[in-house]
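User: Hi! Could you walk me through this model before I head back to the bench?
Analyst: Happy to, here it is.
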Amino acid sequence: MSSKAKSRPATSPVVFSGNGLRDGRVAWMGTEGRWEPRLGAVTPFAPEAAAEGLALAQQGERQQRVVGVYAVELGADGLPLKFRERLRLGGPSIDAEAA
Amino acid sequence: MPLLEDGRLRPDPWASVDDDVPLPDGPVILGLEQLRREAPALARRNAPIGLALPPETAPAEVAPLLGLLSLVALRLPKAKDGRAFTQARALREYHGFTGEIRATGHVIPDHYAMLLRCGVSTVEVPEGADPAVWDACRRVVDIGYQAALSADAPLSLLRRRLRVA
Amino acid sequence: MNATVIPPFARTYRYDAIDREFLAERIAEFRGQVARRLAGDLTEDEFKPLRLMNGLYLQLHAYMLRVAIPYGVLNAPQLRQLAMIARRWDRGFGHFTTRQNIQFNWTKLEDVPEMLEALAEVDMHAIQTSGNCIRNVTTDEYAGASPDEVVDPRVYAEILRQWSTLHPEFTWLPRKFKFAITGSPSDRVASLVHDIGVAAKRNAEGEVGFEIHVGGGLGRTPLIGRRLYDFVPEAEFLGRMEAILRVYNALGERDNIYKARIKILVRDLGEEFRALVDAEYDRMPQQAYRLDPEIVAAIAAHFAPPPFARLEDRPLPQDPAFAAWARASVRPHKQPGYASVTISLKPIGGIPGDASASQMEAVADLAERHSFGEIRVSHVQNLVLPHVRQEDLHALWQGLAAHGLATPNIGLISDIIACPGMDYCALATARSIPVAQRISERFADLDRQHDIGECFINISGCINACGHHHVAHIGILGVDKRGEEVYQVTLGGSATNDAAIGELIGPAFGYDDIVDAIETIIRTHIAHRAPGERFVDTYRRIGAAPFKEALYAVA
């Protein structure tokens with residue numbers, strides 16, 4: 001329900017992302033169906049399997065594990081195509097600890 | 001749908017009636033169009049009449065009809081759509097309506113105390129709703145900083161303890 | 001409730017037993033909501049407005065808790081508690097916002113009830129710092145201190161705070177609702193770009209009344225508020241506010257979020273809006289909504305002047321470094337021998353509005369030593385010690401400098417407002433903070449900053465305009481253009497009495513070019529300015545053409 005609908009079909013491999021319900025931290029889900037804090041720990045879906053992946057990801061919402069799931073397309077380097085998702089992956093581009 | 005009053009489920013004698021069907025006996029809740037159209041005939045009816053007031057209609061627009069009514073049902077189309085709060089307060093405060101004001105639609109337990117403070121008397125709750133949860137939500141905050149309609153005269157405009165039934 | 005000793009002369013609203021009980025009940029309510037969410041009894045769509053009403057957002061990397069600092073007024077133990085919270089549940093810092101609040105960026109949902117309990121220990125909360133309800137009321141950070149003050153706005157800000165707290169009718173509004181209130185003829189609260197802007201004033205008989213502007217705002221559709229009333233008598237203040245909110249709650253747009261603020265209703269209805277509000281007020285049982293003088297007097301007692309010593313104004317020491325700081329940071333006070341001090345949270349290359357836990361503790365200590373234990377948060381994301389003896393200024397400066405808090409750039413080009421932007425915010429379309437950092441580094445030289453003079457740069461990372469870019473002398477709006485961050489520039493805005501929405505100067509600049517573009521704008525100002533003329537005045541005098549020419553002329 002709170003997932004953002006993907007209007008355009010994926011053309012690159014996708015993983016699913018959301019934030020943990022309890023801790024709010026970024027989580028990633030691939031074909032294994034597990035939610036992992038590290039992108040590297042999950043296997044992307046082929047673009048044509050994105051719909052099936054979304055259904056699996058939304059199950060994580062219904063089980064109160066994650067919030068706001070959506071598909072994230074990956075480039076050839078295995079990293080998200082969008083800059084926003086790269087920030088979610090790597091954390092803020094600025095100093096995020098007290099000096 | 002189950003009906004909640006004073007934190008408890010109670011039987012609902014009212015029937016909601018679609019336009020174009022013969023009125024059943026007993027209390028009926030009508031749409032605005034039908035009520036307006038049939039007001040003269042309805043005035044002679046023995047059983048109580050209610051109105052499902054649409055969220056976009058100001059109570060002032062139906063003020064001349066309120067004398068016919070024993071119930072006004074307000075609707076929250078979405079949980080975050082709070083027009084019913086202003087409608088309820090206007091019905092009580094501006095129009096002196098003393099009948100039942102019922103909240104319907106996407107009502108959640110967290111609305112309950114505020115609905116009561118705006119003058120609502122009953123809430124249609126989802127099938128299977130646990131009245132204990134609703135009652136607990138109503139009681140958890142019993143201090144208010146504003147004048148409201150459901151309790152005694154305020155200590156001052158700005159603060160008083162609410163009396164929960 | 002606890003052993004915390006509030007400094008006796010800090011003029012924060014002092015909770016009594018009922019206020020504390022209310023807060024405990026509100027925390028219990030939220031704890032129950034969290035439990036129902038975790039158990040699956042509330043969907044995320046149902047829970048989201050409830051958590052937002054308690055200041056809890058889900059951002060890019062974590063939950064963010066926005067804590068209310070009512071009208072920007074804090075006492076020293078409260079600031080120390082914020083430092084404790086930053087250490088225990090965040091990463092050791094907090095971020096002060098343009099609504100005079102503080103945000104913690106790295107919180108967990110399951111920790112929030114405990115954080116709220118820690119706040120309640122010092123009479124603080126996160127109520128209504130987000131959501132479609134009446135938000136934290138903002139006011140003048142120099143309230144009670146400024147020589148030009150006519151009415152103390154804190155009194156009425158507190159009345160508005162209480163009246164709007166869990167208001168039964170106005171908690172599910174079409175959209176958020178923001179009040180600002182000033183008590184000085186000089187508007188330091190941006191009242192004309194608020195949903196309701198209140199200017200408290202006095203009539204010829206000395207009675208308090210309120211000039212009301214309604215329907216101002218920034219965001220996607222920036223608008224300057226319209227004057228609704230010239231002088232609402234004090235007794236009618238809350239009744240008139242009720243009437244405005246009733247009209248808005250009934251008629252505000254519910255389906256299209258971009259048209260849901262009251263500014264759109266006011267714009268579309270024009271004079272009819274006033275007629276509707278008047279009609280609403282006229283049929284209200286006015287006695288029930290009357291603001292009694294006894295209530296006002298009871299609240300005003302919380303804000304009585306602290307026991308100022310009888311002092312004379314005195315010349316400040318000549319030490320050049322101190323003098324440079326004092327010139328930017330020290331402001332006249334209505335009490336002879338005192339001054340107000342603005343503490344910059346804008347170190348060169350730093351994150352605007354951020355303070356570490358140890359800096360918060362240092363400011364709390366200095367406030368106890370030098371300012372009756374009182375601190376203010378300004379809407380430009382700095383802190384203020386409102387009542388400092390002039391004879392203490394040098395020692396205060398040294399104390400601030402020891403903690404990196406003496407950057408002498410208040411009101412200068414590196415005193416930048418920036419929203420969190422895409423580094424944190426789930427809504428952002430571009431980063432804000434690193435742009436602010438690079439601009440302040442470019443203009444790091446203080447002599448140059450003083451030469452440029454007063455110049456406000458505000459940066460927003462999306463159209464929602466939390467960085468108030470529209471009302472900056474130089475506004476920067478970051479947007480996404482086919483996957484790239486680009487930055488639009490507006491010139492000539494103002495948030496003060498001459499409030500104006502800045503004009504878009506031309507095509508946007510890339511992330512790597514925006515600092516050079518600002519440099520070009522400033523060079524153009526320097527080349528065209530009359531002696532001593534501020535940037536915004538030059539711009540208004542000569543218009544956009546020379547700036548466009550300099551920015552876009554093909555080399």
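User: Quick one on wording before we start: what does partly exposed mean here?
Analyst: Buried means under 20% relative accessible area, exposed means over 50%, and partly exposed is anything in between. Keep in mind that this is a predicted model.

User: Good. So is E361(C) buried, partly exposed or exposed?
Analyst: E361(C) has a relative accessible area of 24%, so it counts as partly exposed. Its side chain meets that of R87(C) in a salt bridge, 2.7 Å from N to O.

User: Where do those two sit in chain C?
Analyst: R87(C) is in helix 3 and E361(C) is in helix 11 (residues 357–370), so the pair ties together parts that are 274 residues apart in sequence. R87(C) is partly exposed too, with a relative accessible area of 45%.

User: How about D415(C) and K346(C), what do they form?
Analyst: They form a salt bridge, with the closest N and O atoms 2.7 Å apart. D415(C) lies in the loop between helix 12 (393–401) and strand 16 (417–418), while K346(C) lies in the loop between strand 12 (338–343) and strand 13 (354–356), so this pair ties together parts that are 69 residues apart in sequence.

User: And are these two buried or exposed?
Analyst: Both ends are buried: D415(C) has a relative accessible area of 5%, and K346(C) has 2%.

User: What does E29(C) pair with?
Analyst: E29(C) forms a salt bridge with R26(C), the closest N and O atoms being 2.7 Å apart. Both residues lie in helix 1 of chain C, three residues apart, about one turn of the helix. Residues three or four places apart in an α-helix point the same way, because there are 3.6 residues a turn. E29(C) is buried at 15% relative accessible area, and R26(C) is buried at 5%.

User: How many salt bridges are there over all chains?
Analyst: The search of the whole structure finds 60.

User: Changing topic: which chains have the most contacts?
Analyst: Two pairs of chains touch, and the most contacts are between chains B and C. Chain A and chain B have no contact, with their closest C-alpha atoms 14 Å apart.

User: Tell me about B and C, then. How many residues does each give?
Analyst: Chain C gives 44 residues and chain B gives 36. About 3,500 Å² is buried between them, and carbon and sulfur atoms give 59% of that area. On the chain C side, P168(C), W172(C) and R254(C) lose the most area to chain B, together 21% of what that side buries.

User: How many salt bridges cross there?
Analyst: There are four across the interface of chain C and chain B. For example, E93(B) forms a salt bridge with R246(C), with the closest N and O atoms 2.9 Å apart. The interface also has 18 residue pairs in polar contact, both residues at pLDDT 80 or more.

User: Which helix of chain C gives the most to that side?
Analyst: Helix 1 of chain C does, with 10 residues. By class, the side of chain C that touches chain B has 21 nonpolar, eight polar and 15 charged residues.

User: And what does the contact between chain C and chain A take?
Analyst: It takes 30 residues from chain C and 24 residues from chain A. The buried area is about 2,500 Å², with 58% from carbon and sulfur atoms. L38(C), L60(C) and H61(C) supply 22% of the area that chain C buries against chain A, more than any other three residues.

User: What's the salt bridge count between chain C and chain A?
Analyst: The count is one salt bridge, in which the side chains of R22(A) and E110(C) meet at 3.5 Å, N to O. Nine residue pairs are in polar contact across this interface, both residues at pLDDT 80 or more. Helix 13 (433–442) is among the elements that contribute, and it gives the most to the side of chain C that touches chain A, with three residues.

User: Last topic, cysteines. How many disulfides does the search find?
Analyst: Zero over all chains.

User: Why no bond between C419(C) and C466(C)?
Analyst: Their sulfurs are 6.1 Å apart, too far for a bond, and C466(C) holds the closest cysteine sulfur to C419(C). C425(C) has its closest cysteine sulfur in C462(C), 6.0 Å away, which is also too far. C419(C) is buried at 10% relative accessible area, and C425(C) is buried at 16%.

Definitions and conventions. Residues numbered from 1 in each chain as written. Chains lettered and ligands numbered in written order. Predicted model: local features only at pLDDT ≥ 70, side-chain atom pairs only at ≥ 80, totals over all residues. Heavy atoms only, no water. Contact = heavy atoms within 4.5 Å. Buried area = accessible area lost by both parts, 1.4 Å probe. Polar contact = N/O pair within 3.5 Å; in protein donor to acceptor, adjacent residues only side chain to side chain. Helix = DSSP H or I, 4+ residues; strand = E, 2+ residues; numbered from the N terminus. Nonpolar A, V, L, I, M, F, W, Y, C, P; charged D, E, K, R; others polar. Disulfide = S-S within 2.5 Å. Buried < 20%, exposed > 50% of the residue type's maximum accessible area, 1.4 Å probe, protein only.
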